Amino acid sequence: MSIAPLDQESSEEKRVPAENAEVRDSEDTKPVKRKRRSTSHLKAVPETLALREEMKAEAEKFVQRLDCSNPFTKAMLEDWSRELLGEMNQPEKFLGFMMVLIGNFFWKRQFLAIPFERRLLLLPHCLKHAEGCPAEYDEFGLDCEKCGACSIADYKVRAEKLGYKVLVAEGSPVVLKIIVGGYVDGILGVACLNVLEKSIDKVLIAGVPSYAVPLHSGDCKNTKMDEPWIWEVLEKYEPLEQPLTRSYLPTMRAANSLFEEHFNEILPPLRTKTEAAARTPLGKTEAIAYDWLKHGGKRFRPFITLAAYDALIKAQQDESETDTTYPLGVQKAAMAIEVFHKASLIHDDIEDDDQYRYGQETLHRQHGTGMAINIGDYLIGIGYRLLNEARADIGAEAAADLVEKMANAHLKLCEGQGAEMAWQESETFELAPLDALQIYALKTSPAFEAALYAGIRMTGSVNEYEELISSFSRQIGVGFQILNDLKDWRGDDNNKLISGQDALAMRPTLLLALALQSGDEQQKMELKEIVNGQPSDGARINRLRKIYEACDVFTKAEVLVDKSRERAEELAESVENEDLKQLLKFFCETVLAEETPEVKPDLPILMPQPIA
């Protein structure tokens, strides 16, 4: 999840690198090597139907022992599954299969309570008859011709008659958009265990009732499943009086609706009230800025603000109060967080000459550098105007505190970005891991802090939580940025389409700092040569990857992410307010979600990447 402006100077922030004591200039203190855990041996499907049915029945009984008031994490699900496998005396190779079964029964009652027209049936293309399939793929997936050659049409026709939305897809972020956009409330999905593993901590923790039917194999060609398993839930509807498990989905949708449904109310156009006005020179700035603000991104920052507001406002309400609407001033403040973020991205893309953002060309490549700079500046002005307008609902004192927090965070962001550019211009080519972490703390952590702070401050005094907010945000922000470095080597379809783009630009990343710290003289000389741009980009990336692997920097970076995650979880556990505690734990599990190995491009992906 890059973030935006926002934080106040604190001595604790200055101690960020020192706390990450695993990275030191001393040669005799090195992090414990951590190999990325392979899970391929844990994804076997029981060979016989009898054993699959027995494990399914035991999983259903096991879930009756669980507290289902909060969504589970992937780690919790794994622990439960190991426990049940032990009780059944079954081998570890069935762990992934058991995790799916327990997850199913955790959510089954709530899934069945969702009306058919609010459900999504997600089918993999590998159920189709591979030879001679007449269907074609459109932007949403396989456009089934209902020819009768495979089972896809059977499920699709029946589900659509019941009212389901049906998607036959190889995997697309459109699924998350469908859910967050408010079109469906639950998922019935069919996929192989590889794909289900990726989906577990991406969607279920957000509180989306889901039921999954695992395929018997992951070879992606004419595979099979236990068909009665899908029919027993496909056609069943059993309403509940109220949900059994906490869900952040309503808040995600509220954050999304700021831009999809209520944008003109929160931020009414001044120069572009008509299409003709938007095409004039005077209207162009507002038109481009509003379009950039409305589209792209996961809206995670306003979600943080609204969720934090929810967590604290509940303590001030009677149990009988169920109002889930937000005062207009709260909505304006939440949107301001995203406005500052979007402004920072424009300027950051210009400074780094990035080519893509949100799967499209960056704004400066579309409209020119001068126009893009102006749009970024314009958005900054809009952000502060929104905070000023929020006074009517949140109070002048709270609005002033938010302005101060976001202004200071803006300064920190610029200091971090400035340090990055200054290093790029330096001729010394020196970069310690502590320097990289300090830049990360300046560039990323303040935005999390401001978003959390804003939500809590708008409910009243923030004194009780101020130190916690700063410490927690620092761990989340630094850990997120390290994860972002690691993702740069895999490419990121939502932002940067070119693998290794940050490396090509030779930004002062932690990975580079770790390589400079542990590399020998020859490797350091080669790193400097790569920085100077010789030879071609493709060769530079390949050479750099070899050095990184030889210096084991990927493993060392993963260790630091683990440390940030552990510290953030400890801070979350220290919170007495149960709603806020669960929210902070949710951030740990989403922003710092442990990466699983990439699946093949032709696998059907149940759900997309985490929110961050």
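The expected span of a helix is 1.5 Å times one less than its number of residues. With that in hand, here's a quick tour of three spots in this predicted model: helix α3, the pairing of α14 with α21, and L544 in α26.

**Helix α3**
- Helix α3 covers residues 49-63, so its 15 residues should span 21 Å, and the 21 Å between its end C-alpha atoms agrees with that.
- The buried residues here are L51, R52, M55, K56, A59, F62 and V63.
- Look down the axis of α3 and those buried residues sit within an arc of 135 degrees, so they line one face of the helix.
- An α-helix has 3.6 residues a turn, so residues three or four places apart point the same way.
- As for partners, the buried residues of α3 pack against α4 (74-88), α5 (95-112), β6 (210-214) and α9 (227-234).

**α14 against α21**
- Helix α14 (residues 300-313) packs on helix α21 (residues 445-457) at about 35 degrees, and their axes are 7 Å apart.
- The crossing of α14 past α21 is right-handed.
- On the α14 side, the contact uses F300, R301, I304, T305, A308, Y309 and L312, while α21 brings F448, A451, L452, A454, G455 and I456.
- Sort the residues of this contact by type and you get ten nonpolar, two polar and one charged.

**L544 in α26**
- L544 belongs to helix α26, which runs over residues 537-550.
- Buried means under 20% relative accessible area, so L544, at 1% relative accessibility, counts as buried.
- I530 is 14 residues from L544 in sequence, and their C-alpha atoms are 7.4 Å apart in space.

Methods:
Residues are numbered from 1 along each chain as its sequence is written. This is a predicted model: local features need pLDDT of at least 70, side-chain atom pairs count only at pLDDT 80 or more; totals for chains, interfaces and linings use all residues. Side-chain values use heavy atoms; hydrogens and water are left out. Helices (H or I, at least four residues) and strands (E, at least two) are DSSP runs, numbered from the N terminus. Buried means under 20% relative accessible area, exposed over 50%, partly exposed in between (1.4 Å probe, protein chains only). The arc is that of the directions from the helix axis to the C-beta atoms. Contact means heavy atoms within 4.5 Å. Axes are lines fitted to C-alpha atoms, for helices over the stretch in contact, and angles run from 0 to 180 degrees between N-to-C directions. A crossing is left-handed if the near helix is turned anticlockwise from the far one by less than a right angle, and right-handed if clockwise. Ala, Val, Leu, Ile, Met, Phe, Trp, Tyr, Cys and Pro count as nonpolar, Asp, Glu, Lys and Arg as charged, and the others, Gly among them, as polar.
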